[in-house]
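Here are my notes on the structure you sent, set out as numbered points. They begin with a single residue and move from there to the chain and the contact between chains.

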2 protein chains.
Amino acid sequence: MITKPEFSIPEPTLKRLPRYYNYLKGLLNKGREVVSCTHIGKDLDLDPPQIRKDLAYTGIRGIPKVGYQVEVLLNSIEEFFGWNSCDEAFLVGAGNIGRALINYQGFQRYGFRIVAAFDNSPEIVGKRIDKIEVLPLAKLTNLCLRMNVKIGVITTPDHAAQEVADMMIAGGIKGIWNFAPAEIKTPEGVIVQSENLAAGLSMLSKKLQMLQKSGKIRQEDTK
Amino acid sequence: MITKPEFSIPEPTLKRLPRYYNYLKGLLNKGREVVSCTHIGKDLDLDPPQIRKDLAYTGIRGIPKVGYQVEVLLNSIEEFFGWNSCDEAFLVGAGNIGRALINYQGFQRYGFRIVAAFDNSPEIVGKRIDKIEVLPLAKLTNLCLRMNVKIGVITTPDHAAQEVADMMIAGGIKGIWNFAPAEIKTPEGVIVQSENLAAGLSMLSKKLQMLQKSGKIRQEDTK
DNA sequence: TAGATTGTTAATCGATTAACAATC
DNA sequence: TAGATTGTTAATCGATTAACAATC
């Protein structure tokens with residue numbers, strides 16, 4: 001019987017913590033040593049009590065009247081997410097987005113590194129993308145097991161996503177970072193984080209549409 | 001005084017609608033003509049009443065005892081988001097992710113097309129990426145105004161994001177699709193949709209970490 | 001000390017879930 | 001008709017916001 005961990009952390013908090021991190025990093029570079037929630041809230045457009053709660057999840061305590069020490073806070077968030085140690089990941093689908101993720105080194109700061117790429121197109125297999133070799137898809141499951149890789153990235157076309165996910169799961173992968181706009185079914189114990197860019201884009205354009213419509217209504221109202 | 005539109009649509013609904021769309025497209029390809037919320041719910045792991053509410057926002061009505069007509073539903077979602085007409089967008093930052101977005105043609109289905117790219121690196125300016133010319137950043141604001149472009153995509157490094165956003169806003173851009181892991185401040189009436197990939201990745205690895213920890217605790221418990 | 005800030009408890013708000021009448 | 005499904009209203013749940021005591 002699988003139950004929720006006693007101290008489950010709200011998802012919105014999990015999403016905000018990296019924002020604080022980026023922001024605080026900027027403050028540190030400017031030489032700032034201490035910061036209050038009021039101050040953070042003004043810059044990030046969030047309520048101070050919420051920030052306090054969020055930060056408390058990382059185990060840190062602020063100093064009344066003073067605020068939080070920027071450097072301590074940064075360390076606290078780093079440790080909370082485990083960014084000091086590095087997770088190795090396999091990527092499947094060496095297309096546009098796949099290659100971009102491989103080339104982008106920035107995720108190493110977040111304890112994440114792509115160590116191999118897989119594809120089933122003979123034109124791509126065997127080539128190298130930024131020192132990472134592209135291997136045939138058939139080797140995926142075995143290599144997952146052999147190298148004990150626990151995170152997989154899916155950057156394949158839509159229709160291949162589920163099949164690739166199944167191969168990953170067979171290889172013991174527990175976390176899937178999915179960029180394909182497809183539903184992925186996984187057994188309990190395997191987590192999927194989908195970056196549905198089309199959804200993000202659609203939200204943006206819909207909000208824009210609504211804003212313009214309400215603007216027009218307003219214009220008519222003021223006639 | 002700006003007020004919310006009378007019929008504001010919940011953000012979770014906005015995020016789920018494109019999921020329904022993808023899923024229904026798959027059903028249509030399989031030749032399915034009618035589908036019930038119970039059925040959708042099973043495949044997408046959602047509660048049927050929630051699906052009904054979500055779909056109702058697009059203005060569609062189902063048929064009791066029967067369900068929804070797949071094709072009608074698809075059209076309804078397309079129209080809701082305005083995917084039949086195309087928004088033109090400018091992209092700034094022709095790095096890895098920027099180039100991937102330009103090369104990826106798939107967003108045209110969602111009424112979105114990148115018509116020009118901008119960068120300030122002399123090595124890239126003047127080149128073409130998939131028929132799209134890379135222009136010098138200095139031309140951004142004027143071209144926005146001249147071409148009446150309303151959507152901007154930011155794929156620059158962190159530190160340049162705010163400056164680029166300001167140039168876009170000066171050019172009359174109303175919606176910013178941001179891929180830089182940075183805070184962007186905008187005046188009222190300008191919408192930002194941030195795709196914070198680092199945040200998604202961090203959430204995934206944290207959940208994985210929590211899952212493994214709770215698993216270990218359980219093992220100890222059963223001793 | 002007075003003021004600012006933290007940390008926490010209570011109230012509010014919004015979305016999800018449950019219940020159920022209406023309907024082809 | 002009976003069963004399945006929709007659409008809607010009410011109950012629940014969780015996160016945000018407000019209020020306030022504790023503290024350097």
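1. I would start at A:Arg146, which is found in helix H6 of chain A, a helix that covers residues 140-147. This is a predicted model, and in it A:Arg146 has a relative accessible area of 68%, so it is classed as exposed, the cut-off being over 50%. The C-alpha atom of A:Arg146 is separated by 35 Å from that of A:Asn22, and the two residues are 124 apart along the chain.

2. In chain B, the loop that runs between helix H6 (140-147) and strand S7 (151-154) contains B:Asn148. The phi of B:Asn148 is positive, at about 55 degrees, although the residue is not a glycine. That deserves a second look, because most residues other than glycine have a negative phi. B:Asn148 is exposed, with a relative accessible area of 51%.

3. A second positive phi, near 60 degrees, belongs to A:Asp45, which is likewise a residue other than glycine. A:Asp45 sits in the loop of chain A between helix H2 (37-44) and helix H3 (48-56), and with a relative accessibility of 71% it counts as exposed.

4. Is A:Ser76 buried or exposed? Its relative accessible area is 12%, and because buried means under 20%, A:Ser76 is counted as buried. The residue lies in helix H4 of chain A, which spans residues 70-81, and, if residues up to four places away in sequence are left out, it touches A:Thr58 and A:Ile60.

5. B:Glu133 belongs to strand S6 of chain B, made up of residues 132-136, and at 34% relative accessibility it counts as partly exposed. Leaving aside residues up to four places away in sequence, B:Glu133 touches B:Ala116 and B:Ala117, together with B:Gly126, B:Lys127 and B:Arg128. B:Asn29, by contrast, is 36 Å from B:Glu133, C-alpha to C-alpha, with their positions 104 residues apart in sequence.

6. For chain A as a whole, the model contains 8 helices and 9 strands. The radius of gyration of chain A is 22 Å, whereas a compact globule of 223 residues would have one near 17 Å. Taken along the principal axes, the C-alpha atoms fill a box of roughly 60 × 55 × 45 Å.

7. Of the 223 residues in chain A, 47% are buried. When contacts between residues at least 6 apart in sequence are considered, 57% of those in chain A join residues that are at least 24 apart. The accessible surface of this chain comes to about 11,800 Å², and carbon and sulfur atoms account for 51% of that surface.

8. On charge, chain A carries 29 positive and 24 negative side chains, and the centres of these two sets lie 5 Å apart.

9. How many residues does each chain give to the contact? Chain A supplies 61 residues and chain B supplies 61 residues. Between them the two chains bury about 5,700 Å², with 67% of this area on carbon and sulfur atoms. On the chain A side, the residues that lose the most area to chain B are A:Leu201, A:Met203 and A:Leu204, which together make up 11% of what that side buries.

Terms used: Residues numbered from 1 in each chain as written. Chains lettered and ligands numbered in written order. Predicted model: local features only at pLDDT ≥ 70, side-chain atom pairs only at ≥ 80, totals over all residues. Heavy atoms only, no water. Helix = DSSP H or I, 4+ residues; strand = E, 2+ residues; numbered from the N terminus. Rg over C-alpha atoms; globule rule 2.2 N^0.38 Å. Buried < 20%, exposed > 50% of the residue type's maximum accessible area, 1.4 Å probe, protein only. Contact = heavy atoms within 4.5 Å. Areas by Shrake-Rupley, 256 points an atom, 1.4 Å probe, with all protein chains shown as cover. Lys, Arg positive; Asp, Glu negative; His and termini not counted. Charge placed at Lys NZ, Arg CZ, Asp CG, Glu CD. Buried area = accessible area lost by both parts, 1.4 Å probe.
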